[in-house]
Amino acid sequence: MNSRSGMRIPRPALLSLSAALTAAAYYLILFTNLGNAYYGGSYRGQVLTDVLAVLATFACLEVVRSEKVLAVRALAGALAVPLILVMLLLFWYGIQRYLAG
C-alpha cells in the first residue's frame, strides 16, 4: 500500500459535491445578507458563509487536481478563483472590524 494514498472520493460524487457547495457558497455570497453583519446578518451567518466558501474552494481545487477532462478542470478553476478572492476580502473585513471594535 502506498503511503501517499488517502481516501478517494468517487468522481461523480466529487463533481456533485463540488457543484452543490459552489452553488450554495455563491448563493449565500451574492443573494443574501446572511454573512454581512452590517446589513441584517450575524456573525454566525458570516461563519457559515465563510465555511461554505472554503469547502467549495477546496472541492473545486480537488476537481482541478484530479479531473482528466480539461473543460471540467477549467470550469472548476474558474469557479474557485473568485471564491478565493471573496474569502480573502471577507477575512480582511473581519480583521478590520475586529481591530476597530
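A residue is called buried here when its relative accessible area is under 20%, exposed when it is over 50%, and partly exposed in between, using a 1.4 Å probe and protein chains only. At 7% relative accessibility, Ser18 therefore counts as buried, and it is a good place to begin a tour of this structure. The model is a predicted one, in which local features need pLDDT of at least 70 and side-chain atom pairs count only at pLDDT 80 or more, while totals for chains, interfaces and linings use all residues. Residues are numbered from 1 along each chain as its sequence is written, and side-chain values use heavy atoms, with hydrogens and water left out.

## The overall picture

The protein chain has 3 helices and 0 strands, and its pattern along the sequence is α-α-α. Helices (H or I, at least four residues) and strands (E, at least two) are DSSP runs, numbered from the N terminus. Taken along the principal axes, the C-alpha atoms fill a box of roughly 50 × 30 × 20 Å. Of the 101 residues in the protein chain, 23% count as buried.

Contact means heavy atoms within 4.5 Å. Among contacts in the protein chain with a separation of 6 or more, 61% are between residues 24 or more positions apart.

The table sets out the three helices. The expected span of a helix is 1.5 Å times one less than its number of residues.

| Helix | Number of residues | Expected span | Distance between end C-alpha atoms |
|---|---|---|---|
| H1 | 21 residues | 30 Å | 29 Å |
| H2 | 24 residues | 34 Å | 34 Å |
| H3 | 31 residues | 45 Å | 45 Å |

## Helix H1 and its two sides

Helix H1 covers residues 11-31. Its buried residues are Leu14, Ser18, Leu21, Thr22, Ala25 and Leu28. They cover an arc of only 135° around the axis, judged by the directions from the helix axis to the C-beta atoms, which puts them on the same side of H1. An α-helix has 3.6 residues a turn, so residues three or four places apart point the same way. On the other side of H1, Pro12, Leu30 and Phe31 are exposed.

What covers the buried side? Helix H2 (43-66) and helix H3 (70-100) are included in the cover over the buried residues of H1. Ser18, which lies in helix H1, is in contact with Ala59, Cys60 and Val63, leaving aside its neighbours within four places in sequence. With the same kind of neighbours left aside, Leu28 is in contact with Leu34, Leu48, Thr49 and Leu52.

## How the helices pack

Two packed helices are described by the angle between their axes and the distance between the axes. Here axes are lines fitted to C-alpha atoms, for helices over the stretch in contact, and angles run from 0 to 180 degrees between N-to-C directions. The axes of H1 and H2 come within 8 Å and cross at roughly 145°. H1 and H3 pack at an angle of about 35°, with their axes 11 Å apart. The contact between them is made by Leu15, Thr22, Ala25, Tyr26 and Ile29 of H1 and Val72, Leu79, Pro82, Leu83 and Val86 of H3.

## Inside helices H2 and H3

The buried residues of H2 include Gly45, Gln46, Thr49 and Thr57, and the cover over the buried residues of H2 includes H1 and H3. Thr49, found in helix H2, is buried with a relative accessible area of 4%. Not counting residues up to four places away in sequence, Thr49 touches Leu28, Ile29, Leu34 and Gly35. Thr49 and Leu83 are 34 residues apart in sequence and 11 Å apart in space, C-alpha to C-alpha.

In H3, Ala76, Ala80, Leu83, Met87 and Arg97 are buried. H1 and H2 are included in what covers them.

## The nonpolar cores

A nonpolar core is a set of buried Ala, Val, Leu, Ile, Met, Phe, Trp, Tyr and Cys residues joined through side-chain atoms within 4.5 Å. The largest one has 9 residues in all: Leu21, Ala25, Leu28, Leu52, Ala53, Ala56, Ala59, Leu83 and Met87. H1, H2 and H3 each supply at least two residues of this core, and its largest share, 4 residues, comes from H2. A second, separate core of 5 residues includes Leu14, Cys60, Ala76 and Ala80.
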